[in-house]
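Biologist: I'd like to learn how to read side-chain exposure, salt bridges and helix faces in a model. Could we go through them together?
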Amino acid sequence: RMIGFQISVLVRDHVRSRVGLTCQLSSSKWPMVGLTRERGKNDKLAKLLEERGIPYKELPCIEFVDGDDRPQLAGLLREEWDWVIVTSPEAAMVLNEELDKVDSCGEWKVACVGKATADVLRDKGISVSFTPSRATAEDLCKELPDPAGKVLFPASKLASETVSDRLSERGFSVTRINTYSTQPAQWNQEQKKASEAVDIVAVGSPSALRGWIAQTGTVPHTTACIGGTSAKASTREGVEGVFSPENPGVDGWVKSVEDACEHLRTLQEAPSSKKAD
């Protein structure tokens with residue numbers, strides 16, 4: 001079953017030509033997948049692809065940098081909060097690092113957007129009190145238990161205002177600080193050459209997609225997305241084949257890759273079928 005496949009016909013910037021369908025399956029059962037998360041963060045998806053025999057190239061498109069507000073975090077963690085909300089594995093890693101600097105924490109509970117983010121904290125012995133039914137910021141904000149109280153939200157500079165706005169509407173008092181940000185990774189010539197063989201770009205964030213476009217000068221033909229935010233970004237950029245899971249996360253992500261692969265294989269086999277007729 002194909003999930004979330006969309007066709008978009010958009011006028012594109014003349015500088016960014018759209019990459020054509022390059023899938024050549026003569027040497028492989030599967031199309032080639034490009035893994036775009038920052039270095040060291042592609043391991044889980046890579047392992048699942050290896051188990052399925054799907055070839056991939058790791059081409060990190062983003063790298064993390066400290067946010068302007070990061071120096072404030074350790075001090076804020078000494079204060080009392082009803083909730084500390086964490087919406088990405090990177091935000092969880094920053095929280096872990098800053099907690100190591102704190103000799104005495106205030107009392108607060110942790111809410112995470114999903115399992116991957118929660119696991120980063122649990123691996124450091126931090127208890128996670130709440131995760132929503134689906135790994136989205138909207139669901140977290142709808143389902144965070146009452147009563148409304150004080151919330152600390154250490155986030156990416158590039159994160160939307162969804163958490164602040166939705167919780168404020170429910171009566172929570174939200175303090176957002178930007179503890180990290182992302183910027184495009186720089187590729188060498190070998191990486192740029194390797195990207196030419198990629199048929200499906202695995203997108204874990206809008207910034208990763210922007211990084212791919214910046215490095216290749218092209219809008220990819222097909223993306224397999226971790227969730228709805230990345231899928232919407234793909235559609236906005238003019239990607240023709242956009243695959244995303246109903247439930248965000250790595251397990252859904254690999255299913256999106258499989259669906260995208262099957263779709264490209266169907267396209268590849270269609271001409272030969274007609275000839276056979």
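Biologist: Is Lys41 buried, partly exposed or exposed?

Modeller: Happy to help, and keep in mind that this is a predicted model. Relative accessibility decides the class: under 20% is buried and over 50% is exposed. Lys41 comes out at 25%, so it counts as partly exposed.

Biologist: Which residue forms a salt bridge with Lys41?

Modeller: That is Glu38, with the closest N and O atoms 2.9 Å apart. Glu38 has 9% relative accessibility and therefore counts as buried.

Biologist: Which parts does the salt bridge between Glu138 and Arg166 tie together?

Modeller: Start with the distance: the closest N and O atoms of Glu138 and Arg166 are 3.3 Å apart. Glu138 sits in helix α5 and Arg166 in helix α6, so the bridge links parts 28 residues apart in sequence. For another case, take Asp146 and Arg170, whose side chains meet at 2.8 Å, N to O. Asp146 is in the loop between α5 and β7, and Arg170 in the loop between α6 and β8, so this pair ties together parts 24 residues apart in sequence.

Biologist: Now helices. Why do the buried residues of α9 line one face?

Modeller: An α-helix has 3.6 residues a turn, so residues three or four places apart point the same way. In α9, Ser230, Ala231, Ala233 and Ser234 are buried. Down the axis of α9, its buried residues fall within an arc of 160 degrees, so they line one face.

Biologist: What covers the buried residues of α9?

Modeller: The cover includes β9, α8, β11 and β12. The face turned away from the buried side carries exposed Thr229, Lys232 and Arg236.

Conventions
Residues numbered from 1 in each chain as written. Predicted model: local features only at pLDDT ≥ 70, side-chain atom pairs only at ≥ 80, totals over all residues. Heavy atoms only, no water. Buried < 20%, exposed > 50% of the residue type's maximum accessible area, 1.4 Å probe, protein only. Helix = DSSP H or I, 4+ residues; strand = E, 2+ residues; numbered from the N terminus. Arc of directions from axis to C-beta. Contact = heavy atoms within 4.5 Å. Salt bridge = Lys/Arg side-chain N within 4 Å of Asp/Glu carboxyl O.
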